[in-house]
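Good morning, and thank you for joining this session. I should like to take you through one structure, from its overall arrangement down to a few individual residues.

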Amino acid sequence: APVLRQLAKRLQKEPHELAIYDPYYCNGSVKAHLARRGFPNVYNRNQDFYKMIAENKCPEFDVVVTNPPYSADHIDRLLAFLLASGKPWFALVPNFVYTKGCYKQFLSNVQRGEVYDGREPFYITPAHRYQFWSPDGTREERKAGK
């Protein structure tokens with residue numbers, strides 16, 4: 001919440017006014033979590049994010065805060081959306097993302113001043129290994145070795 005508070009201040013908004021978009025719906029709990037921290041203006045619905053992009057129906061937002069799926073090309077597609085928006089964003093992703101071609105291209109564009117006025121991204125890492133979990137009923141059960 002401290003980083004979101006700083007962003008709200010920079011945008012000259014109160015935390016409750018900051019429009020947060022999380023395009024990847026899991027079980028909707030992100031809205032409750034952020035509301036408890038003073039950020040009730042969260043758009044997180046069970047909608048096809050990529051269809052919304054194609055139809056130009058994404059909501060107005062000040063910042064994206066999301067934990068995207070790591071499989072297939074979700075990271076590449078999300079990054080393309082984020083860069084096109086020109087808005088601030090926070091994405092919870094594993095460290096392998098920085099080795100992906102799309103992210104390397106993003107960093108090259110930043111360093112050349114083509115995006116974000118050349119402002120470098122910053123990274124927040126936990127002091128201890130982050131434990132990922134999925135709410136009940138949101139993923140197919142996987143068996144070891146499959």
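I shall begin with the chain as a whole, then turn to the sheet, and finish with selected residues.

Please keep in mind throughout that this is a predicted model. The protein chain has 146 residues, of which 31% are buried. It contains five helices and four strands. Read from the N terminus, these elements follow the order α-β-α-β-α-β-α-β-α. As for the contacts, 59% of those with a separation of 6 or more join residues that are 24 or more positions apart. The chain exposes about 10,300 Å², and carbon and sulfur atoms supply 50% of that area.

Let us now consider the sheet. In what order do the four strands lie in the open sheet? The order is E2-E1-E3-E4, with parallel pairing. Strand E2, residues 42-43, and strand E4, residues 89-91, are at the edges; each has a single partner strand, so one side of each has no neighbour in the sheet. In general terms, the strands of a sheet pair through backbone hydrogen bonds, in either a parallel or an antiparallel fashion. Here, E1, which covers residues 20-21, is joined to E2 in the parallel sense by two bridges. Within this pair, Ile 20 is placed opposite Val 42 of E2.

Those two residues lead us to a helix residue. Leu 34 belongs to helix H2, residues 29-36. Once neighbours within four places in sequence are set aside, the contacts of Leu 34 are Leu 4, Ile 20, Phe 39 and Val 42. Leu 34 therefore touches both members of the opposing pair, since its contacts include Ile 20 and Val 42, and these stand opposite each other. Its relative accessible area is 11%, so it counts as buried, the cut-off being under 20%. Ala 1 is 33 residues away from Leu 34 in sequence, yet the two C-alpha atoms are 8.1 Å apart in space.

Next, I turn to two polar residues in loops. Is Asn 44, in the loop between E2 and H3, buried or exposed? Asn 44 is buried, with a relative accessible area of 4%. A polar atom of its side chain lies 2.8 Å from the backbone oxygen of Asp 22, and the side chain also reaches the backbone oxygen of Tyr 24 at 3.4 Å. Not counting residues up to four places away in sequence, Asn 44 touches Tyr 25, Gly 28, Val 30 and Lys 31 in addition to Asp 22 and Tyr 24.

The second is Asp 62, found in the loop that links helix H3, residues 49-54, to strand E3, residues 63-66. Asp 62 is likewise buried, at 13% relative accessible area. Which side chain does the side chain of Asp 62 meet in a polar contact? The partner is Lys 13, at 2.9 Å. Beyond its neighbours within four places in sequence, Asp 62 has contacts that include Leu 11, Glu 17, Leu 18 and Ala 19, as well as Lys 87 and Pro 88.

Finally, a word on the surface. Val 3, Phe 122 and Ile 124 make up a nonpolar surface patch, with about 300 Å² of accessible area together. Of these, Val 3 is located in helix H1, residues 2-10, and is partly exposed, with 31% relative accessibility.

That concludes my presentation, and I welcome your comments.

Terms used. Residues are numbered from 1 along each chain as its sequence is written. This is a predicted model: local features need pLDDT of at least 70, side-chain atom pairs count only at pLDDT 80 or more; totals for chains, interfaces and linings use all residues. Side-chain values use heavy atoms; hydrogens and water are left out. Two strands pair if DSSP finds at least two bridges between them. Buried means under 20% relative accessible area, exposed over 50%, partly exposed in between (1.4 Å probe, protein chains only). A polar contact is a pair of N or O atoms within 3.5 Å; within protein, one must be able to donate a hydrogen and the other to accept it, and residues adjacent in sequence count only if both atoms are side-chain atoms. Contact means heavy atoms within 4.5 Å. Patches are made of residues with over 30% relative accessible area and no salt bridge: like charges are joined within 9 Å, nonpolar side chains (Val, Leu, Ile, Met, Phe, Trp, Tyr) within 5 Å. Accessible areas come from the Shrake-Rupley method with a 1.4 Å probe; for residues, only the protein chains shown count as cover. A salt bridge is a side-chain nitrogen of Lys or Arg within 4 Å of a carboxyl oxygen of Asp or Glu.
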